[in-house]
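Please read the following report with the structure open beside it, and take each strand in turn.

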Amino acid sequence: MADLLVDQPQEITISKTFPTKPKLKAKPKTPSKTPESKYWSSFKSHQISNLISSIPSIDFSPISPHHFAAANSASLTLFSSHTLSPASTISSSDVVTSCSFRCDGSLIAASDLSGLIRVFDVKTRTPLRRLRSHARPVRFVKYPLLDKLHLVSGGDDSVVKYWDVAGQSVVLDLYGHRDYVRCGDCSPTDGEMFVTGSYDHTVKLWDVRVDNKESVIEVNHGNPVEDVIFLPSGGMVATAGGNSVKIWDLIGGGKMVYSMESHNKTVTSICVGKVGKESGEEALQYRIFSVALDGYMKVFDYAKMKVTHSMRFPAPLMSIGFSPDCMTRVIGSSNGIIFAGRRKAKEDVGESKVGNFWALGSVEEPQRRALRPTYFRYFHRSQGEKPNEGDHLIMRQKKVKLAEHDKLLKKFRHKEALVSVLGGKNTENVVAVMEELVARRKLLKCVVNLDDEELGLLLGFLHKHSTMPRHSGLLTGLTRKVLEMRAEDIRASDALKSHIRNLKRSVEEEIRIQHSLQEIQGVISPLLRIAGRR
């Protein structure tokens with residue numbers, strides 16, 4: 001019985017063959033995009049370039065369809081957030097500096113350089129109120145989110161004013177800033193609290209219920225403050241000034257939480273937006289958008305304290321706004337161009353398709369015939385169905401396509417595989433074959449068996465690529481071995497001597513470059529050490 005078991009032929013298993021790939025594969029120059037970066041890049045860009053001058057202020061209507069207003073020169077232009085085309089224009093007597101919609105979207109307030117604040121009806125563009133008390137240009141005006149009857153403003157006279165809009169009178173004059181008041185925002189949780197920022201580097205939190213008219217909390221940004229916003233929780237604010245955006249905890253007494261310094265020039269405007277994804281890790285999370293004079297827009301995740309996306313624009317940026325429905329992003333520049341972006345929603349596509357049939361009346365959906373075994377389509381049913389979440393997928397194995405050198409390696413014809421890949425132009429394949437031959441301990445044997453013409457191909461490849469950093473570890477050692485093993489053949493051939501001369505020149509040039517880099521490093525290293533001590 002034992003003899004029968006021994007005499008039985010054993011089953012031979014053949015391992016799968018895979019194409020050779022280089023082990024030291026170079027990393028791509030540009031990193032792969034993250035899901036959130038792909039989301040922000042999905043906003044289709046659109047330029048609005050028919051405006052006159054710089055756009056210092058942009059504000060979105062809080063009610064649907066969330067039209068937005070842009071201040072430019074002596075006018076206030078209202079745009080449709082769906083078509084991004086101008087809907088109407090409100091003229092002013094002086095350059096408009098700031099604008100703000102009321103919480104119901106029916107009124108809009110605008111300030112100008114003459115010190116005047118005017119309130120307009122959005123539909124009729126009729127001026128309803130004129131508020132004049134500032135002695136100098138007004139730089140910001142803001143409607144509280146929970147109040148329809150009051151306004152907050154600040155200007156170059158260093159005074160913050162709390163207005164009664166119906167009576168066209170000032171309720172409170174708040175003195176505390178020692179320089180121009182440039183920005184402000186109202187609390188999303190309390191209609192009687194707001195924050196202001198000034199060129200005196202300070203940001204002050206005000207409460208109109210305090211009797212002494214002094215600020216409740218004061219923080220120092222460290223640079224002239226260009227913009228300040230409340231975060232959605234109401235307990236934190238973000239300030240912009242210099243090249244940094246800082247986050248402060250008001251509940252903790254004005255403690256700085258984080259400082260983002262990713263811009264190269266002055267940050268001019270910030271706003272809060274929400275990721276409009278319905279699923280995923282980033283779904284419905286808030287982000288801080290910042291724009292600066294360096295032309296960059298940054299998206300900052302203040303939960304993880306990191307920049308998640310960056311976008312470059314061809315002009316210095318002055319203002320930014322993000323629609324409450326997460327569909328439209330608008331950026332104003334210093335040369336009068338608005339860089340708008342809109343994300344296409346599925347329901348928009350459906351509405352546009354239905355809209356094409358409005359003029360034709362009701363259109364009945366065509367009825368599909370029932371499938372029968374006599375139809376060809378019967379035998380191909382469910383071929384295009386997508387798998388459900390709980391389905392078990394059985395994937396069909398893809399056929400592996402082998403190149404010529406891979407086929408030769410499979411047949412253990414090592415020298416022919418090396419010569420075949422050297423005749424091509426793909427450096428990565430040549431290095432991959434050499435690494436495979438090193439693993440099989442056949443590379444040096446192949447070098448010995450090469451004839452003069454084939455050796456010339458190898459020397460030409462080493463001349464071009466032996467000094468490349470990602471391949472030099474393998475090719476430099478191989479070059480040394482080739483020179484030792486084939487010295488006599490090289491001396492006997494003029495063509496091979498020419499390859500060696502070229503190889504020598506490239507090595508000498510690389511050595512000269514490395515010496516120059518070492519000299520530069522010797523100059524920079526002391527400077528870096530001195531800078532590190534500061």
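Strand β14 (residues 181-186) and strand β15 run antiparallel and pair over five bridges, where two strands count as paired if DSSP finds at least two bridges between them. Strands here are DSSP runs (E, at least two residues) and helices are DSSP runs (H or I, at least four residues), both numbered from the N terminus. The model is a predicted one, in which local features need pLDDT of at least 70 and side-chain atom pairs count only at pLDDT 80 or more, while totals for chains, interfaces and linings use all residues. Residues are numbered from 1 along each chain as its sequence is written, and side-chain values use heavy atoms, with hydrogens and water left out.

The two pairings of β15 can be set side by side.

| Partner of β15 | Bridges | Residues in the hairpin link |
|---|---|---|
| β14 | five bridges | six residues |
| β16 (residues 202-207) | five bridges | three residues |

Within these pairings, Cys 186 stands opposite Phe 194 in β15, and Gly 197 stands opposite Val 203 in β16. In the turn between β15 and β16, His 201 has a positive phi of about 75°.

Why is β15 described as largely enclosed by the rest of the structure? Six of the six residues of this strand (residues 193-198) are buried, so the description follows; buried means under 20% relative accessible area, exposed means over 50%, and partly exposed lies in between (1.4 Å probe, protein chains only). Met 193, Val 195 and Gly 197 cover one side, and Phe 194, Thr 196 and Ser 198 are buried on the other.

By contrast, Val 523, which lies in helix α11 (residues 494-533), counts as exposed because its relative accessibility is 56%.
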